[in-house]
Amino acid sequence: MNHILIIYHSQKGHTEKLVDACYQGILLESNVQVRMKKALDATLEDILWANGVVIATPEYFGNMSGAVKDFFDKTYYPARGQNVNIPYVLIISCDNDGSGAERNVQSIASSYTLRKSLETLNVKTNAFEEGLEQAKVLGQTFAAGLDMGIF
Ligand SMILES: Cc1cc2nc3c(=O)[nH]c(=O)nc-3n(C[C@H](O)[C@H](O)[C@H](O)COP(=O)(O)O)c2cc1C
């Protein structure tokens, strides 16, 4: 049984809707359990439980959200030595850019020893409906890839 953790932050609901769509995509696959956690509530135990993680964040001032950064900050030292060597996929919600948030997450994820598995989904608010469908496909692809052991 695969365990996928979804960690996210959302103020206005865009990221949360993308996460919900991703969750629906994951559930199209069998042999998977999912935990969906707001980043401020997620713990070390959650990441140790998972063998794949979806990280979803709005871009704020060219960065990932403070809440998602807080998750990395508070679990980084405790996670070291625990061999958190699992694949991740990233969803970014933004108005017009998203590249800064993507760079931030990628840089921290590699220190954390999370492995990038699929291309980042960057959803701009003016293409949101399309983004929902892409998030669903991403979730299913991630779960299927995990199950096939290709990440
Ligand atoms: C404080 C703040 C800073 C933002 N900075 C950026 C930014 O640097 N680049 C961008 O494309 N969008 C930026 N946005 C827009 C949000 O990323 C975008 O509206 C996102 O979809 C919000 O996600 P949410 O609805 O889940 O809260 C910013 C929004 C806020 C509130």
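Student: How many bridges join β5 to β7, and how do the two strands run?
Tutor: Four bridges join β5 to β7, and the strands run parallel. Pairing here takes at least two DSSP bridges between the strands. One partnership across β5 and β7 is C94 with K124. Strands are DSSP runs of E with at least two residues, helices are runs of H or I with at least four, and both are numbered from the N terminus.

Student: Hang on, what kind of model is this, and how are residues numbered?
Tutor: The model is predicted, so local features need pLDDT of at least 70 and side-chain atom pairs count only at pLDDT 80 or more, while totals for chains, interfaces and linings use all residues. Numbering starts from 1 along each chain, as its sequence is written.

Student: OK, back to β5. How many bridges join β3 to β5?
Tutor: Six bridges join β3 to β5, again running parallel. Within that pairing, T57 of β3 stands opposite I92 in β5.

Student: And how many go from β5 to β6?
Tutor: Two bridges join β5 to β6 (residues 115–116), also parallel. P87 is opposite R115 there. The chain gets from β5 to β6 through helix α4 (residues 99–112), and that β-α-β crossover is right-handed. Right-handed means that, with the strands pointing away from you, the path from the first strand over the helix to the second runs clockwise.

Student: How many of β5's residues are buried?
Tutor: Seven of its eight residues are buried. The cut-offs count other C-beta atoms within 10 Å of a residue's own, with C-beta atoms placed from the backbone: 20 or more is buried, 12 or fewer is exposed, and in between is partly exposed.

Student: What does β5 give to the largest nonpolar core?
Tutor: Six residues, and β5 gives the most to this core. The core has 42 residues, and those with the most contacts inside it are I6, I7, C22, V53, V54, I55 and I91. A nonpolar core means buried Ala, Val, Leu, Ile, Met, Phe, Trp, Tyr and Cys residues joined through C-beta atoms within 7 Å. In soluble globular proteins, nonpolar side chains tend to be buried together.

Student: I see I55 in there. What is I55 in contact with?
Tutor: Leaving aside neighbours within four places in sequence, I55 contacts I7, V68, Y88, L90 and V105. A contact means the two C-beta atoms, placed from the backbone, lie within 7 Å.

Student: And C22, why does that count as buried?
Tutor: C22 has 30 C-beta neighbours inside 10 Å, so C22 counts as buried. C22 is in helix α1. Not counting residues up to four places away in sequence, C22 touches I6, V54, I91, A135, K136, L138 and G139.

Student: Which other residues of α1 are buried?
Tutor: Besides C22, the buried ones are H14, T15, L18, V19, A21, G25 and I26. The buried residues cover an arc of only 160° around the axis, which puts them on the same side of α1. That arc is taken from the directions from the helix axis to the C-beta atoms. Elements covering the buried residues of α1 include β1 (2–8), β2 (32–38), β3 (52–60), β5 (87–94), β7 (121–124) and α5 (128–148).

Student: How far does α1 reach from its first C-alpha to its last?
Tutor: α1 (residues 14–26) reaches 19 Å over 13 residues, close to the expected 18 Å. The expected span is 1.5 Å times one less than the number of residues.

Student: Now α3. Which residues are buried in that one?
Tutor: In α3 the buried residues are A67, V68, F71, F72 and T75. Their cover includes β1, α2 (44–49), β3, β4 and α4. After α3 comes G81, with a positive phi near 85°.

Student: Glycine, fair enough. What about F61, what's its phi?
Tutor: Phi of F61 is near 50°, positive in a residue other than glycine. F61 sits in the loop between β3 and β4 (63–64). F61 is exposed, with 8 other C-beta atoms within 10 Å.

Student: And T113, where is that?
Tutor: T113 is in the loop between α4 and β6. Its phi is near 70°, a positive value in a non-glycine residue. T113 is partly exposed, with 13 other C-beta atoms within 10 Å.
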